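Trainee: I should like to look closely at one part of this model and then see what lies around it. Could you take me through it step by step?

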Amino acid sequence: RSRKYNSKSCNFAEEGGTLKRPTAESCRPSKISSSKIMKRGFQFKTDEKENFGRGNKQSRSQRHSNMKAESSDEESLASQLECPICMNCYTLKVFVCANGHSLCETCYEKIKNKCPSCRTPLKGARNRALEHVITHTVLPCRFREYGCDFKGRGSARSAHRRLCVHRPIKCLFHRCYPTCTWFGPPSELLEHLNSHCVVRRVALNYTSDVYWSYETKERCWQRGKDATFFLPSVDRFYYVSISRQEDHFHLVVVWLPTTEAAAQDLRLIMELTIPLEKDQSIKFTIKPPRLDSKLIMDENVKRLIQDGQSYIIPIRKWRSQWMEERKKHYFRIRAKWMVQEQGGSR
């Protein structure tokens with residue numbers, strides 16, 4: 001039985017009983033003109049270029065989709081790790097009731113008695129598994145709604161939270177205006193304070209005088225005094241308080257940053273001068289502490305007095321100026337801010 005060779009397909013075909021071998025002429029490749037080769041080659045390169053460009057577009061689109069998906073996953077994960085009461089992400093401690101309902105440390109300290117979800121008694125049990133997840137998960141700052149874009153894990157996020165410049169606070173004048181209900185970030189504080197009274201805007205190396213007026217000197221000796229300054233060049237508030245504790249008047253100063261950069265520079269010092277009788281004066285050079293945003297101003301002042309970070313004022317020797325047209329005594333304090341020199345002390 002024979003096979004016939006097909007030169008086009010290079011296969012043997014069956015024919016009769018003999019086997020024919022292909023000749024050299026029949027196996028010779030067909031001729032293709034150079035123009036066709038160039039045309040085919042050019043077409044190949046063009047197709048390759050188009051495919052390559054399309055691949056890049058697809059990869060860029062894919063990367064963008066992946067980024068959006070990752071962002072969506074982060075938000076979804078963060079929403080699953082939120083306290084059901086305050087709707088903020090859990091911190092390092094998570095408490096749980098007997099039925100498995102979790103709540104954050106802040107809400108637990110406020111409630112303490114019964115679970116808000118099922119009303120079962122809370123006995124201080126901790127959700128250790130959830131705490132472990134939170135420690136190793138990147139989560140946003142709980143003050144992101146006020147403009148903070150920080151993200152971090154565990155202790156780093158807790159450390160940031162304590163000093164976050166976006167942390168909302170109560171009005172600085174809450175001591176003078178206890179009915180004020182304002183609560184917001186420091187970046188919006190200046191506008192609000194101007195609704196109570198004018199905040200003194202001062203500059204570095206500039207002296208600013210503050211006056212308190214009373215109808216009698218005895219009235220001055222009975223009441224505390226507060227003043228607020230704002231330094232636009234460093235985006236900081238300075239709060240000066242003179243508070244009575246038993247038989248003494250204590251001078252306390254704290255500062256509050258409104259931006260991340262303002263929180264970093266710790267070289268500023270403050271000079272306070274109080275005129276006394278017989279043309280004398282007393283001067284304090286202070287490197288004040290930062291305001292603890294977790295506490296209201298009264299609590300900040302009391303804590304600093306207890307910690308010995310206050311200055312005793314000889315209130316009865318404070319020199320006053322009588323204004324006949326207004327029938328009042330005016331008591332003055334002079335303030336100045338400077339950059340601390342290297343090697344300087346408190």
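Where in the chain does Lys 327 lie?

Mentor: This is a predicted model, and the description below should be read in that light. Lys 327 lies in the loop between β17 and β18. Its backbone deserves attention. Most residues other than glycine have a negative phi. The phi of Lys 327, however, is near 60°, a positive value in a residue other than glycine. As for its surroundings, Lys 327 has a relative accessible area of 45%, so it counts as partly exposed, a class that lies between the limits of 20% and 50%.

A second lysine may be set beside it. Lys 278 also has a positive phi, near 60°, and is found in the loop between β14 (268-276) and β15 (280-286). The relative accessibility of Lys 278 is 77%, and therefore Lys 278 counts as exposed, the limit for that class being over 50%.

Let us now follow the chain from the loop into β18. This strand covers residues 328-339 and contains Met 338. Met 338 counts as buried because its relative accessibility is 17%. Leaving aside residues up to four places away in sequence, Met 338 touches Asn 205, Arg 267, Leu 268, Ile 269 and Glu 271. Met 338 and Leu 204 give a further example of sequence and space disagreeing: they are 134 residues apart in sequence, yet their C-alpha atoms are 5.7 Å apart.

On the other side of β17 there is another loop to consider. Trp 318 is placed there, but to understand its ring we should begin with the aromatic pairs in general. A pair of aromatic rings is described by the distance of the centres and the angle of the planes. The structure holds 9 aromatic pairs. One of them joins Phe 95 and Tyr 108: the ring centres are 3.9 Å apart and the planes stand at 5°, so the pair is stacked. This pair links distant parts of the chain, with Phe 95 in strand β3 (residues 94-96) and Tyr 108 in helix α2 (residues 105-111), 13 residues apart. Phe 95 and Tyr 108 are both buried.

Trp 318 belongs to another pair, with Trp 212 as its partner: their ring centres are 6.0 Å apart and their planes are at 70°, so the arrangement is edge-to-face. Here too distant parts of the chain are linked, since Trp 212 is in strand β10 (residues 207-214) and Trp 318 is in the loop between β16 (311-313) and β17 (320-323), 106 residues apart. Trp 212 counts as buried because its relative accessibility is 11%; Trp 318 counts as buried because its value is 2%. Trp 212 and Trp 318 form one aromatic cluster together with Tyr 214 and Phe 331.

Aromatic rings in this model are also found beneath charged groups. The charged end of Arg 126 sits over the ring of Phe 95, 5.9 Å from the ring centre. Arg 236 lies over the face of Trp 255, at 3.7 Å from the ring centre. Arg 126 leads to another residue, Glu 131, which touches Arg 126 as well as Leu 92, Lys 93 and Val 94, not counting residues up to four places away in sequence. Glu 131 is found in helix α3 (residues 128-135), and because its relative accessibility is 8%, this residue counts as buried.

The strand before the loop of Trp 318, β16, leads us to a sheet. This is an open sheet of 5 strands in the order β9-β11-β12-β13-β16, with mixed pairing. β9 (200-201) and β16 are the edge strands, each pairing on one side only. Inside this order, β11 (residues 225-231) and β12 (residues 236-245) run antiparallel and are joined by 7 bridges. Lys 225, for instance, stands opposite Ile 242 in β12. Helix α8 (residues 297-306) packs on the sheet, touching β12 and β13 (248-257), and its direction makes about 120° with that of β13.

Finally, consider the cysteines. A disulfide is a covalent bond between the sulfur atoms of two cysteines. With a cut-off of 2.5 Å between the sulfur atoms, the count comes to 0 disulfides. Cys 83 is in no disulfide, and its nearest cysteine sulfur, that of Cys 104, is 3.8 Å away. Cys 83 is buried, with a relative accessible area of 0%. Cys 107 is likewise in no disulfide, the nearest cysteine sulfur being that of Cys 104 at 3.5 Å. Cys 107 is buried as well, with a relative accessible area of 7%.

Methods
Residues are numbered from 1 along each chain as its sequence is written. This is a predicted model: local features need pLDDT of at least 70, side-chain atom pairs count only at pLDDT 80 or more; totals for chains, interfaces and linings use all residues. Side-chain values use heavy atoms; hydrogens and water are left out. Rings of Phe, Tyr and Trp (its six-membered ring) pair if their centres lie within 6.5 Å; planes under 30 degrees apart count as stacked, over 60 as edge-to-face and the rest as tilted. Helices (H or I, at least four residues) and strands (E, at least two) are DSSP runs, numbered from the N terminus. Buried means under 20% relative accessible area, exposed over 50%, partly exposed in between (1.4 Å probe, protein chains only). A charge sits over a ring if NZ of Lys or CZ of Arg is within 6 Å of the ring centre and within 35 degrees of the ring normal. Contact means heavy atoms within 4.5 Å. Two strands pair if DSSP finds at least two bridges between them. Axes are lines fitted to C-alpha atoms, for helices over the stretch in contact, and angles run from 0 to 180 degrees between N-to-C directions.
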